[in-house]
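Please open the model in your viewer and display both the backbone and the side chains. The tour below proceeds by selection, with a short account of what is found at each stop.

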Amino acid sequence: MEIEIDCPICDDGKKHIAEVLKVSEGKFRRRSAEFDAVVMIVKCKDCGTVGIYRRVDSINMESYEFPYEGEI
């Protein structure tokens, strides 16, 4: 599966295609609220960097953690 991301390593303001290596669903907490979140480990096809992409659709939030140094 592939998705489009704003790769923070490339940092050129363009969308980049990323290969999804792993997907998990869980909860995201912000103050006293809890939201459903999707966490994906992705690999940018342009720079080859592996990172974490988090998406919380209910509050229209996404975040990136690049580079990812854990196990896949």
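The stops that follow pass from the strands to the core, the aromatic rings and the charged pairs.

**Stop 1: the paired strands**

Please bear in mind throughout that this is a predicted model. Begin by selecting strand S2 (16-30) and strand S3 (33-44). S2 and S3 run antiparallel and are joined by 12 bridges. Within this pairing, Val 23 stands opposite Met 40 of S3. Follow the chain to the hairpin of S2 and S3, where two residues lie between the strands. Arg 31 adopts a positive phi there, near 55°.

Next, add strand S4, residues 50-56. S4 pairs with S3 in the antiparallel sense, over six bridges. Keep Met 40 highlighted: its bridge partner in S4 is Tyr 53. Five residues separate the strands in the hairpin of S3 and S4, and Gly 48 takes a positive phi near 80° in that hairpin.

**Stop 2: the nonpolar core**

Which residues form the largest nonpolar core? Select Ile 3, Ile 5, Cys 7, Ala 18, Val 20, Val 38, Met 40, Val 42, Cys 44, Tyr 53 and Phe 66, which make up its 11 residues. Strand S1 (2-5), S2 and S3 each contribute at least two residues to this core. The largest share, four residues, is supplied by S3. As a general point, nonpolar side chains in soluble globular proteins tend to be buried together.

Centre the view on Ala 18 and show its surroundings. Beyond its neighbours within four places in sequence, Ala 18 is in contact with Met 1, Glu 2, Ile 3, Ile 5, Val 42, Lys 43, Cys 44 and Lys 45.

Move now to Val 38, another member of the core, which lies in strand S3. Is Val 38 buried or partly exposed? Its relative accessibility is 16%, and Val 38 therefore counts as buried. With residues up to four places away in sequence left out, Val 38 touches Val 23, Ser 24, Glu 25, Tyr 53, Arg 54 and Arg 55. For a sense of distance, draw a line between the C-alpha atoms of Val 38 and Glu 2: the separation is 15 Å, for residues 36 apart along the chain.

**Stop 3: the aromatic rings**

Display the aromatic side chains. Two aromatic pairs are found in the whole structure. In one of them, the ring centres of Tyr 64 and Phe 66 are 6.3 Å apart and the planes are at 55°, so the pair is tilted. Tyr 64 is partly exposed, at 25% relative accessibility, whereas Phe 66 is buried, at 15%. Add Tyr 53 to the selection: ring pairs link Tyr 53, Tyr 64 and Phe 66 into a cluster.

**Stop 4: a buried loop residue**

Select Thr 49, which is placed in the loop between S3 and S4. Thr 49 counts as buried because its relative accessibility is 16%, under the 20% cut-off. Leaving out residues up to four places away in sequence, Thr 49 touches Ile 9, Val 42, Lys 43, Cys 44, Phe 66 and Pro 67.

**Stop 5: the charged pairs**

How many salt bridges does the model contain? The count comes to six; three of the pairs are visited here.

Select Lys 45 and Glu 2, whose side chains meet in a salt bridge at 2.3 Å, N to O. Lys 45 is in the loop between S3 and S4 and Glu 2 is in strand S1, so the pair ties together parts that are 43 residues apart in sequence. Glu 2 is partly exposed, with a relative accessible area of 46%.

Turn next to Asp 6 and Lys 15, which form a salt bridge at 3.4 Å, N to O. Asp 6 is partly exposed at 32% relative accessible area, and Lys 15 is partly exposed at 47%.

Finish with Arg 54 and Glu 65, whose side chains meet in a salt bridge at 3.1 Å, N to O. Arg 54 belongs to strand S4 and Glu 65 to strand S5 (residues 61-65), so that distant parts of the chain, 11 residues apart, are linked. Arg 54 counts as partly exposed at 28% relative accessibility, and Glu 65 is partly exposed with a relative accessible area of 37%.

Definitions and conventions. Residues numbered from 1 in each chain as written. Predicted model: local features only at pLDDT ≥ 70, side-chain atom pairs only at ≥ 80, totals over all residues. Heavy atoms only, no water. Core = buried A, V, L, I, M, F, W, Y, C linked by side-chain atoms within 4.5 Å. Buried < 20%, exposed > 50% of the residue type's maximum accessible area, 1.4 Å probe, protein only. Contact = heavy atoms within 4.5 Å. Phe/Tyr/Trp six-rings, centres within 6.5 Å; stacked < 30°, edge-to-face > 60°. Pairing = 2+ DSSP bridges. Salt bridge = Lys/Arg side-chain N within 4 Å of Asp/Glu carboxyl O.
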